Each structure stands twice: as C-alpha cells, then as structure tokens.
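User: I'm new to this one and would like to go through it with you. Could you show it to me, and then I'll ask how you know what you say?

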Amino acid sequence: MAEDSDAEKTEDASPRRLEKAREEGDVPRSRELATFAVLMTAGAGLWITGGNLAGHLSTTLASGLSLTREQVYNPTVLIERIANDIGGVLLACLPLAFAIMLVAVGAPLLIGGFNFSAKAFMPNFMKLNPISGLGNMFSTNSLVELLKAIAKTVLVGSVAWVVVMSQKEAVFGLAVEPLGAGTGHVADLIAHAFLFIVGSLGVVALIDAPYQLWHYSNKLKMTRQEMIQESKESDGNPQIKGKIRQMQRQMARNRMMQNVPTADVVVTNPTHYAVALKYSDGQAGAPRVVAKGADEVAARIRELARENKVALLEAPALARALYKHTEIDDEIPEKLYSAVAEVLAYVFQLRNYSKVGGHYPDRPTTLPVPPEMDPLNPASQVKPE
C-alpha cells in the first residue's frame with residue numbers, strides 16, 4: 001500500500017519542476033482562446049475598416065476593368081498599372097493584417113506568458129517512434145481533445161443553424177431588393193451571423209482556458225518519491241548534511257576546548273554544567289565566556305582545567321545562569337556582574353596566595369545570582385505581564 005501511494009502523483013509541482021518545464025518549452029496554451037481572439041480581431045477590424053476597405057477595393061476593381069489604349073498595347077505600362085493596383089490593395093489591407101498578426105502572436109501568451117526555449121528547436125527523435133505515437137493517439141488527452149472537437153463542432157453548428165434559420169426570410173428577400181440596399185443588408189446579415197458564431201467560440205475558450213491550466217498543473221504533479229529525490233538533488237542528501245553538521249559541531253567544540261587553558265576560572269554545577277570565564281585585565285568590557293558545556297562536554301572542560309591548573313569553582317546557580325543566558329565569546333549578562341566579580345576576586349586572591357602565601361582566601365558560597373536568571377528557580381518561569 002505504501003508503494004502504491006508513493007507512485008501516485010499527489011504533490012503539486014515544485015518551483016524547480018515548473019522552471020525545468022519552461023526551459024524545455026512546456027507551458028500551458030489554449031488554442032481555442034487564441035482562435036477566438038484572432039477571429040474577434042478580424043471581425044472588429046472588418047467592422048471598423050470594412051467601409052473604407054470595400055470602397056478602395058471597388059475603386060481598384062472598377063479601375064482595373066477600364067484600360068487605356070496605351071496600357072493594352074504596351075505590356076510595360078500594363079504591368080506597372082497592375083502592380084500599382086495590387087500595391088494599393090495590399091496597403092489598404094495592411095492595418096487589418098497587422099492587427100490580426102499582432103493578436104495571433106500575442107493571444108497564445110495570455111496563458112503561460114512569453115517563453116523562449118532553445119530546447120524546443122532541438123530535434124526529438126522520440127516523436128518519430130511509432131509506439132509512442134500510438135500511445136499518444138489512445139491517451140486520455142487525445143480522448144479529451146476528440147470530445148472537445150466534437151462538442152465545438154456541435155455547438156458552432158447549432159448556433160450557425162439557429163442564426164441561419166432565424167434570418168431565412170431575410171435571406172430569401174434579398175432576391176427582390178435593389179443592388180445597393182441588398183449589398184448593405186447582406187453585410188448586416190454576415191456581421192450578425194459572425195457575431196453569434198464567434199461568440200459560441202468564446203464560450204468554448206472560456207471553458208478551455210481553465211481546463212488547460214488544470215491539465216498542465218495535473219501533468220506536472222509529482223510523487224512523494226520525486227519530491228524527496230528533488231530535495232536531495234537541490235539541497236543535498238540529508239544524511240550527508242547531517243554528517244557535515246556533526247563535523248562542524250565537532251570542529252567548533254575542538255576550538256572551544258583550546259580556549260579552556262586560557263580561562264581564569266571554570267564555574268561548575270558541579271557535574272552537569274561547566275562554564276569557562278576569561279577576564280582581560282586592562283581591556284574594556286566584561287568577562288567573556290570562552291567555553292561551556294553540559295554533561296560529557298562539561299566533564300571534558302573540567303578535566304582540561306585541572307590539567308592546565310585553571311581554577312575550578314562549584315557555584316551551581318551561577319553555572320546554570322551562565323549556561324542558559326550566554327553563548328561562546330559573549331560577555332556575561334549585566335545582572336551577573338556582581339556574582340562573577342566575587343568569583344574573579346576569589347581567583348585573583350588564590351593566585352596571590354600561591355605566589356606569596358599568607359591567609360588562604362575564603363571560597364565564596366553564596367553568590368548574588370538573581371532568581372530570574374537561574375533556570376531552576378520558579379521565579380525564572382514567570383513571564384512578565
């Protein structure tokens with residue numbers, strides 16, 4: 001059951017998968033939306049420029065049917081006349097053609113946006129594989145496209161039939177209308193039919209555009225295993241990253257242990273915590289934490305302190321407070337200044353006793369550690385209102 005669930009594409013496409021699809025030229029497109037936009041542009045263009053275009057074509061046709069004697073007997077003049085007429089027709093059609101071309105290029109970009117991919121120009125011989133071709137012919141997408149084509153044909157045909165039948169009497173009446181009035185009436189009938197038929201294609205486009213977006217998203221969905229594999233490729237193998245983090249922690253610990261012999265004192269819990277402090281006399285700033293640790297690390301710090309004759313002081317509350325509220329190389333918190341000052345005073349007196357003798361310094365037993373700084377003190381658990 002687990003393998004079956006892993007094989008199902010239930011996860012949305014990752015940004016990396018979407019980016020890779022675009023690099024390969026795979027973006028969502030709706031041909032129905034592009035077709036509708038081009039036809040509507042053509043219809044609107046004819047509606048706006050139709051009168052001017054028809055007049056120009058009529059003038060050109062009338063001019064082309066009347067030839068002078070020189071044009072009839074001089075092929076050069078005749079060819080020049082024909083070329084001028086053709087150029088005039090093309091010039092008159094140029095605005096409409098330019099508008100249609102512009103929409104034909106821009107309409108597909110309404111879904112998927114602009115995308116240029118050099119990989120799309122590369123030959124793909126897999127497309128020549130007859131087995132793959134047969135598979136595409138009988139795929140779910142091919143079935144959907146077939147049903148869509150049938151539905152589009154039925155819808156457009158039905159709308160065209162309704163439009164024609166509703167205008168049947170008007171079409172038959174054209175036979176008895178004068179030429180001028182009949183020509184205008186024909187233009188109105190064509191525009192009316194065009195509007196309804198292209199409108200039906202608009203309904204198809206409104207359905208097809210969301211479907212293409214859904215189909216594209218569904219096609220790029222990933223299995224859980226693919227997500228895991230992509231995460232490994234993008235971010236690295238979690239096991240390797242764990243090893244690297246472990247090595248980094250070990251290196252940081254080794255550097256920290258190298259600082260223990262330089263410390264002035266190691267404050268202990270006495271067994272659970274150990275915090276090494278160093279105060280640089282003559283320099284600005286409070287004492288700093290050069291090493292700290294718990295359990296096994298604390299034991300190693302105490303061992304190094306004994307080996308290097310660094311003073312050890314059992315002060316459980318202070319050790320817990322320093323461990324909780326400081327990091328390596330941090331200055332001690334201001335609230336612990338008094339307690340640490342007593343500890344350092346004891347250490348310096350101990351050093352002086354070792355050099356010149358005299359009275360052995362009294363070990364500090366009660367240090368002024370604020371209750372809110374000690375993690376085991378209930379006062380530290382009370383949150384300020």
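Analyst: Let's start with a pair inside one helix. Glu 303 and Arg 300 are three residues apart in helix α12, so about one helical turn separates them. Keep in mind that this is a predicted model.

User: What makes the contact between Glu 303 and Arg 300 a salt bridge?

Analyst: The closest approach is 3.4 Å from N to O. The cut-off is a Lys or Arg side-chain nitrogen within 4 Å of an Asp or Glu carboxyl oxygen, so a salt bridge is the right name.

User: And how do you know whether Glu 303 and Arg 300 are buried or exposed?

Analyst: Neither word fits. Glu 303 has a relative accessible area of 37%, and Arg 300 is at 35%. Buried means under 20% and exposed means over 50%, so these values make both residues partly exposed.

User: How many salt bridges does the structure hold?

Analyst: It holds nine. One of them joins the side chains of Asp 264 and Arg 351, at 2.8 Å from N to O.

User: Why do you say that Asp 264 and Arg 351 tie parts together?

Analyst: Because of where they sit: Asp 264 is in the loop between α11 (238-259) and β1 (265-268), while Arg 351 is in helix α14, and those parts are 87 residues apart in sequence. The two partners also fall into separate classes. Asp 264 has a relative accessible area of 8%, so it is buried, whereas Arg 351 is at 37% and counts as partly exposed.

User: Which parts of the chain does the pair of Arg 288 and Glu 331 link?

Analyst: Arg 288 and Glu 331 form a salt bridge too, with their closest N and O atoms 3.5 Å apart. Arg 288 belongs to strand β3 (residues 288-294) and Glu 331 to the loop between α13 and α14, 43 residues apart. Arg 288 is partly exposed at 39%, and Glu 331 is partly exposed as well, at 34%.

User: Now the inside. Which residues touch the most other members of the largest nonpolar core?

Analyst: They are Val 265, Val 267, Leu 277, Leu 318, Leu 322, Leu 336 and Val 369, in a core of 25 residues. Two or more residues come from each of β1, β2 (273-278), β4, α13 and α14. Helix α14 gives the most, with seven. As background, nonpolar side chains tend to be buried together in soluble globular proteins.

User: What does Val 265 contact further along the chain?

Analyst: Leaving out neighbours within four places in sequence, its contacts include Val 275, Leu 277, Ala 311, Leu 313, Val 343 and Val 347. Apart from this core lies another, of 15 residues, among them Met 256, Ala 263, Ala 276 and Ala 298.

User: What makes β1 and β4 a pair of strands?

Analyst: DSSP has to find at least two bridges between strands for them to pair. β1 and β4 have four, in the parallel sense. Val 267 stands opposite Leu 313 in β4. As for the faces of β4, Ala 311 and Leu 313 make up the covered one, while Leu 312 and Glu 314 make up the uncovered one.

User: Why is Thr 268 called buried?

Analyst: Its relative accessible area is 3%, and the limit for buried is under 20%, so the label fits. Thr 268 is in strand β1. Leaving out residues up to four places away in sequence, it touches Tyr 273, Arg 302, Leu 312, Glu 314 and Pro 316, among others.

User: What is unusual about the backbone at Lys 309?

Analyst: Its phi is near 55°, a positive value in a residue other than glycine. Most residues other than glycine have a negative phi. Lys 309 lies in the loop between α12 (296-307) and β4 (311-314). At 77% relative accessible area, Lys 309 is exposed, since the limit is over 50%. Asp 329 also has a positive phi, near 75°, and sits in the loop between α13 (316-325) and α14 (337-356).

User: Which residues does the "transmembrane region" annotation cover?

Analyst: The unreviewed UniProt entry gives residues 89-116 and 189-214. In the model, residues 89-116 are 64% helix and 0% strand, with end C-alpha atoms 35 Å apart. Residues 189-214 are 100% helix, and their end C-alpha atoms lie 38 Å apart.

Conventions: Residues are numbered from 1 along each chain as its sequence is written. This is a predicted model: local features need pLDDT of at least 70, side-chain atom pairs count only at pLDDT 80 or more; totals for chains, interfaces and linings use all residues. Side-chain values use heavy atoms; hydrogens and water are left out. Buried means under 20% relative accessible area, exposed over 50%, partly exposed in between (1.4 Å probe, protein chains only). UniProt positions are given in the numbering used here, feature names are shortened, and annotations may be inferred rather than shown by experiment. A nonpolar core is a set of buried Ala, Val, Leu, Ile, Met, Phe, Trp, Tyr and Cys residues joined through side-chain atoms within 4.5 Å. Contact means heavy atoms within 4.5 Å.
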